[in-house]
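Here is a short round of questions on a two-chain model. Keep the structure open while you read.

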Amino acid sequence: MKATPARTISVFLSQHARVRLALLLSAPLFWLGLVYIAALAALLVTAFWTVDSFTGQVQTTWTLDNIITVFTGSLYQAVTLRTVGVALLVTIIDIIVALPIAFFMAKVASPRLQRILVIAVLMPLWASYLVKVYAWRSALSQGGIVEWLVTPFGGTSPGYGLPATIITLSYLWLPYVILPIYAGLERVPNSLLEASSDLGAKTWRTMRSVVLPMLWPAIIAGSIFSFSLSLGDYITVNIVGGANQLLGNLVFTNVGAANNLPLAAAIALIPIGIMIVYLGVARRTGALNSL
Amino acid sequence: MTSETPAIRLTGLTKTFGAVNAVDNLDLDIAEGEFFSMLGPSGSGKTTVLRLIAGFEMPTSGTVELLGQDVTSRAPFDRDVNTVFQDYALFPHMTVLENVAYGLRVRGIAKNERLERATAALEAVALGTFGPRKPSQLSGGQRQRVALARATVVEPKVLLLDEPLGALDLKLREQMQVELKELQRSLGITFIFVTHDQEEALTLSDRIAVFNNGRIEQLGTPAEIYEAPMSPFVASFVGTSNIFDADEAKGMLGRDGVCSIRPEKITLHAPGGKVVTDTVALAGRVTEVIYLGTSMRILVDVDGGKRLTVLEQNAGTASPLDRRGEVVSVRFSPSDLVDLEPAMA
């Protein structure tokens, strides 16, 4: 066998698994490091700088002022609470809506209907985010379709405000919650449901004692999507939220109108911190072990 | 309730999937305390019958009676039957003890009592110390026994077993067969056992129903099924048979109709020897000798172009290969021939 350079390298690599792994990972790790870690680090560093109030230039003098402002200012506390509340509600609504849909898709529908439903769930993701939000804006407007639907039953349209924001965000992130739960249900063998029923459990009992415990990882995975996407959103609340502000709006105005990049960076640290706590709690439940 | 009330009575039971009749107008009584096997190739309808009895499927028509009560339209959780699943279907997020106690828990039995009973059930299958483990930490045979304990702890009237030994290796399977039989005797309840393994069915059962195309081809004790098969299908599916079709029976044996003979009823002799009266003797040539350990399977081409399978005890005399090509006289008693009804089209 001739020892060509390519062969020599191949032989070397086949004998050194670690070198092989390092070469394979180097490109994606470099990209991840540059785009993700570096950007985060820059954000973190910027939060400890300040802005010259006269020239509007960022000054690279170290200060904790921004962090202190963000943590103690009553405006920031209120907006943080509101944002977390909205994100939690959106997540809970999405899970409640997604569970029966995913169950029907995975366990009841025929294979043909199953394919159609998967496409139906994915379809909204192909439409533009703005189109969907404006569709809700028009639906929720005065004389819009929501009002037309609920008025005969004595209801009133929520109009623009936080409820509208929650409804719209729930709609936007629903596919991200349905799909992991659907995938999780696909992994629950039908024989387990039959065994539970065979042993005397009625439907609700089977759901509670067999299906839900096995679905936890999938539910947590879905909730991470809806929760984190809601935490960072500021366009929806701008369009259907009336005068309400979420954390994203504060970041946006500080980058733009107020031209205070360090303060914006400090605000942006809040959702990151919340997500770290959220993932930590999710990890505690053991839900991330089987992802 | 009289002693004549069958544990299970199926009347006119039919189940169609699309255009296919999975179960075709089935009538069947299974007695209390019976070890009953449903034997057949895959797709013969035996598992569907089991699922209809358990309530996982609703019949297209017909009724299912349990101890004289019509349970046809009842949900699985309302039927006093329990199932041991082919894949065991143990709940992966529960411990072994929680799995076994599950049926008691959903019945609302107090914690102390249910733990006591579940532990006893685990001890009955020799897994007393395995309670705190998760199913994933058990071997196949152990999972099998947990599934048995889980299904029997709720004291069903009838236990359904869907190919429960299919995934086990041979040694373990033989051991589990003995345990199943003992368990059935000690519990005294009806076992309905689905299998495609004819040997397993013969070993375990009081009665066997041989299934083919959604119908029962033959119903009887293991001896009846093996010694007196009533159709070519049963003769060839249960054990090995040499089947003579109508022409061959006429030409070679001088008989009318399809008949068959078991390989172990045939003996091989040197040609030209004296033939005992009332014995069929056919001239032939050995074409293949298969070594099976305790016995030899010998394929013989007899004059007239038919290949017969002969089973000979391994007496350790001749080397198998020496016999290939040997000219022999194939002999058997006509009384060992079994008349088969022509198969229904």
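Two residues are in contact if their C-beta atoms, placed from the backbone, lie within 7 Å. The model is predicted: local features need pLDDT of at least 70, side-chain atom pairs count only at pLDDT 80 or more, and totals for chains, interfaces and linings use all residues. Residues are numbered from 1 along each chain as its sequence is written, with chains lettered from A and ligands numbered from 1 in the order in which they are written.

Q: Which element gives the most to the side of chain A that touches chain B?
A: In chain A, 15 residues are in contact with 17 residues of chain B. Helix 9 (190-198) and helix 10 (203-232) of chain A each give two or more residues to that side; helices are DSSP runs of H or I, at least four residues, numbered from the N terminus. The top contributor, with 6 residues, is helix 9 of chain A.

Q: Which residue in strand 18 of chain B stands opposite Cys259(B)?
A: Strands 11, 12 and 18 of chain B form an open antiparallel sheet in the order 11-12-18; strands are DSSP runs of E, at least two residues, and two pair if DSSP finds at least two bridges between them. Strand 11 (242-244) and strand 18 (338-339) of chain B each have a single partner strand, so one side of each lacks a neighbour in the sheet. Strand 12 (residues 259-261) of chain B pairs with strand 18 of chain B over 2 bridges. Opposite Cys259(B) stands Asp339(B).
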